[in-house]
Amino acid sequence: MGSVVCSLDAELGWGFHDLEPLPTERVEAGRRGWSTMLELCEEFDIPATWAVVGHLMLEGCDGVHEDHPAPDGWFERERTDWWDRPDLRFGRDLVDDLLQSSVDHEFASHSFSHVLFGAPSTDRELAVAELECSLEIADQWGQHVDSFIYPRNDVGHRDVLAEFGLNAYRGTSPTYDGVRGLFDSTVRDQTMLVEPTVDEYGLVNVPASMFLFGFEGPARTVAESIWQDPMVLQAKRGIDEAVRNDGLFHMWLHPNNLTHPRDDHRMRAILEYLSRRRAETDLTVETMGDVARRVRVPRGVDGGTVAADGGIMGDN
């Protein structure tokens, strides 16, 4: 039985606070995109994994975070340029909308302040603090967290995730984004399906298949003027491949990728097609947590992993 996962990195300003110059259009689109994606998911009854930056759930803060072991200057933009922009620093209203949705979304973690876990400057103490803060806030909201999405897909400190009882993370994609990915999947017929695996910490790696906004700018404009949106076509191809080969297709995006109406049209076309194929076939739509529960099983005595069908999978 094939399945599709859709995951979102829900971060508002925190996805960019350490960057210079800022991608202003995307920074300002975060709230709009969040609400639009919730509406589209409800319209087509598509459950997704929403990985939320923990700081968004705070009611307020001093911008200093004195007890947090972040490097010097990490929260500087919050204290300066964005001090009068609570709409970029906090998102309790948006998180409320997510949790009150009629769709059974998965609430996941995207760290506390978008620290890059794989960066050399991120030691274990910082990784622990980021995860501990985000999970404490989630608990205050009555939310249990099973899945983690690494900021900028920078995988690291997986042992910390396991220590805090998480079950899954989004691993890096085996395929390229953008034009190269489009070429590989169409011309070279490279698969977009991924295989979830259990790592040495007992975590389920649910790799990404496709970033839905990897083909942008002038190239996208030209392609749409003479053809169709290449990302819609590629997503449909991945969905069909999941149906045909009983595999997993995992697409992802940020709410702030929806900066213009044409981005809304892209997501509407993809989710509408996914809904239709689900109705026509035995395709299912899963969250990352669903995949982890399906795959994660007791460790074998030989260091392998006993699969659901009784087979053995090696560590990865």
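Biologist: Is Glu286 buried or exposed?

Modeller: This is a predicted model. Buried means under 20% relative accessible area. Glu286 has a relative accessible area of 9%, so Glu286 is buried.

Biologist: Which residue forms a salt bridge with Glu286?

Modeller: Side chains of opposite charge can pair when their charged atoms come close. The closest N and O atoms of the pair are 2.9 Å apart. The partner counts as partly exposed, at 41% relative accessibility. Glu286 forms this salt bridge with Arg294.

Biologist: How many residues apart in sequence are the parts tied together by Asp159 and Arg124?

Modeller: Asp159 and Arg124 form a salt bridge, with their closest N and O atoms 3.1 Å apart. Asp159 lies in helix α6 (residues 158-163) and Arg124 in helix α5 (residues 124-140), so the parts they tie together are apart in sequence by 35 residues.

Biologist: Where is Glu200, which forms a salt bridge with Arg158?

Modeller: The closest N and O atoms of Glu200 and Arg158 are 3.1 Å apart. This pair links distant parts of the chain, 42 residues apart. Arg158 is in helix α6, whereas Glu200 is in the loop between β6 (197-198) and β7 (204-205).

Biologist: Why are the buried residues Met288, Gly289, Val291, Ala292 and Val295 on the same side of α11?

Modeller: Helix α11 covers residues 288-295, and these five are buried in it. An α-helix has 3.6 residues a turn, so residues three or four places apart point the same way. The buried residues of α11 are on the same side because they cover an arc around the axis of only 160°.

Notes: Residues are numbered from 1 along each chain as its sequence is written. This is a predicted model: local features need pLDDT of at least 70, side-chain atom pairs count only at pLDDT 80 or more; totals for chains, interfaces and linings use all residues. Side-chain values use heavy atoms; hydrogens and water are left out. Buried means under 20% relative accessible area, exposed over 50%, partly exposed in between (1.4 Å probe, protein chains only). Helices (H or I, at least four residues) and strands (E, at least two) are DSSP runs, numbered from the N terminus. The arc is that of the directions from the helix axis to the C-beta atoms. A salt bridge is a side-chain nitrogen of Lys or Arg within 4 Å of a carboxyl oxygen of Asp or Glu.
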